Every structure is written in structure tokens, then in C-alpha cells.
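Student: I would like to take a close look at a single part of this model and then see how the rest of the chain is arranged. Please go through it in one connected account.

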Amino acid sequence: MPLSILQYPHPQLREPNVDVTKFDEELRSVVKNMFDVMYATDGMGLAAPQVGINKRLMVFNADDRMDKAEECVFVNPSIISRSSQSKLGEEGCLSFPMIYGWVERHTKIAVSYQDLDGKKFEQVLSGKPAVIFQHEYDHLDGVLFIDRMIPRYKVINKRRLMKMIQQYGPGGRE
Ligand code: CO
């Protein structure tokens with residue numbers, strides 16, 4: 001079944017997300033559907049709560065040409081360590097169409113995660129994959145990029161966010 005992306009202020013974007021415990025066909029199909037909706041909406045990354053699934057699961061593709069070989073799936077991810085160095089960059093989010101702002105992210109992180117078979121891995125990420133990972137990882141903790149924008153962009157986007165709340169109501173949009 002095709003998935004749709006929940007938009008702010010949909011409450012599921014703020015709900016707790018539980019660990020994935022079943023590494024089955026259903027998980028594979030959810031991941032495939034997440035990539036489908038991500039590509040269809042020109043996104044680079046997507047977290048499960050954004051499609052109404054409150055589980056610790058994220059996907060992204062940091063490749064400029066969206067080469068399928070570059071697809072990344074992180075099940076039950078966690079951040080083991082973060083570089084002291086960080087960098088400001090512009091971000092957007094599929095749950096916030098037309099909203100962009102600068103966010104500070106660590107330039108390098110070490111992460112652990114499981115793959116679709118439940119096998120555990122550790123990996124060091126830097127550059128674009130590190131930024132996308134931190135953005136999607138925040139979603140798994142109910143944290144949104146508007147929470148982390150530098151003050152100037154919080155101000156710039158304030159009216160647009162108010163408009164989304166007025167337009168969609170407290171339930172957001174599915
Ligand atoms: Co996002």
C-alpha cells in the first residue's frame with residue numbers, strides 16, 4: 001500500500017517511537033514503500049514516524065543522482081559518538097513543505113544500527129550522510145528541524161508555521 005507523508009503539526013511526528021523487533025517481509029515492504037514515497041516527493045531522507053509508523057526506522061539516499069545502490073536503511077539506529085566540530089547547513093523536511101532553515105550538525109558521527117535482517121553494524125558517517133542521519137535520527141526522538149533551526153530562521157519561518165497550524169489544524173495533514 002502506498003504511504004503518505006504526515007505534515008506538521010500531525011501529532012504522530014511527536015510521539016515516541018519503539019524499536020523494530022520483527023525483521024520480516026513486512027519490514028522490507030515498509031522500507032520499499034518509504035523509498036517510493038521519498039523519491040516521489042523529491043526527498044533525500046525519511047523517518048518512519050513521518051509515514052505514520054512510530055518505529056525506530058529511517059531511510060535515506062545521499063547520492064545526487066539517487067542511484068539505488070546508494071540507498072541506506074537504518075533499523076534501531078543510535079549515535080555512539082559525535083565530533084566536537086559542527087557545521088551550519090540549510091535543511092528542509094518532507095513534513096514541512098516550503099520551509100527551509102539553517103541547522104547546526106556535527107560533521108562526523110559514529111552510529112550503530114541493524115540491517116533488514118537484524119544484523120548489527122557500526123559505521124562512521126561524515127559529510128551529507130552525517131547531516132541527513134542526524135536529521136532523521138531526531139525524528140525518531142520526536143525532535144523536528146524547526147526545533148533546531150538557528151534563531152534567525154525560527155523568526156523567518158514563524159508565520160509559515162502558524163499558517164500550517166491554521167490550515168491543517170492540530171491534527172496536521174495526512
Ligand atoms: Co524531516
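Student: Which protein donors does the cobalt ion have, and how far from the ion do they lie?

Tutor: This is a predicted model, and what follows should be read in that light. The cobalt ion has as its protein donors the SG atom of Cys 93 together with the NE2 atoms of His 135 and His 139, which lie 2.0 to 2.2 Å from the ion. Along the sequence these donor residues follow the spacing C-x41-H-x3-H. Distant parts of the chain are linked in this way, since Cys 93 belongs to strand β4 (residues 86-93) while His 139 belongs to helix α2 (residues 127-140), with the two positions 46 residues apart in the numbering. Both of these donors count as buried because their relative accessible areas fall under 20%: Cys 93 has a value of 10%, and His 139 has a value of 1%.

From the metal site one can turn to the nonpolar interior. The largest nonpolar core has 19 residues, and those with the most contacts inside it are Val 31, Met 34, Phe 35, Leu 46, Leu 57, Val 59 and Val 73. The elements α1, β2 and β3 each give two or more residues to this core, and the largest share, 8 residues, comes from α1. Met 34 illustrates how such a position is surrounded: leaving aside neighbours within four places in sequence, Met 34 is in contact with Leu 3, Leu 46, Ala 47, Ala 48, Val 51, Leu 57, Met 58 and Val 59. A second, separate core has 15 residues, among them Ala 62, Ala 130, Ile 132 and Tyr 137.

Some details of the backbone also deserve attention. The peptide bond from Tyr 8 to Pro 9 is cis, with omega near 5°, and Pro 9 lies in the segment before α1 (25-40). Two methionines have a positive phi although neither is a glycine. For Met 66, in the loop between β2 (57-60) and β3 (72-82), phi is about 55°, and this residue is partly exposed, with a relative accessible area of 24%. For Met 98, which lies in strand β5 (residues 96-106), phi is near 75°, and at 60% relative accessibility this residue counts as exposed.

Key. Residues numbered from 1 in each chain as written. Predicted model: local features only at pLDDT ≥ 70, side-chain atom pairs only at ≥ 80, totals over all residues. Heavy atoms only, no water. Helix = DSSP H or I, 4+ residues; strand = E, 2+ residues; numbered from the N terminus. Buried < 20%, exposed > 50% of the residue type's maximum accessible area, 1.4 Å probe, protein only. Donors = N, O, S within 2.8 Å, 3.2 Å for Na, K, Ca; no water. Core = buried A, V, L, I, M, F, W, Y, C linked by side-chain atoms within 4.5 Å. Contact = heavy atoms within 4.5 Å.
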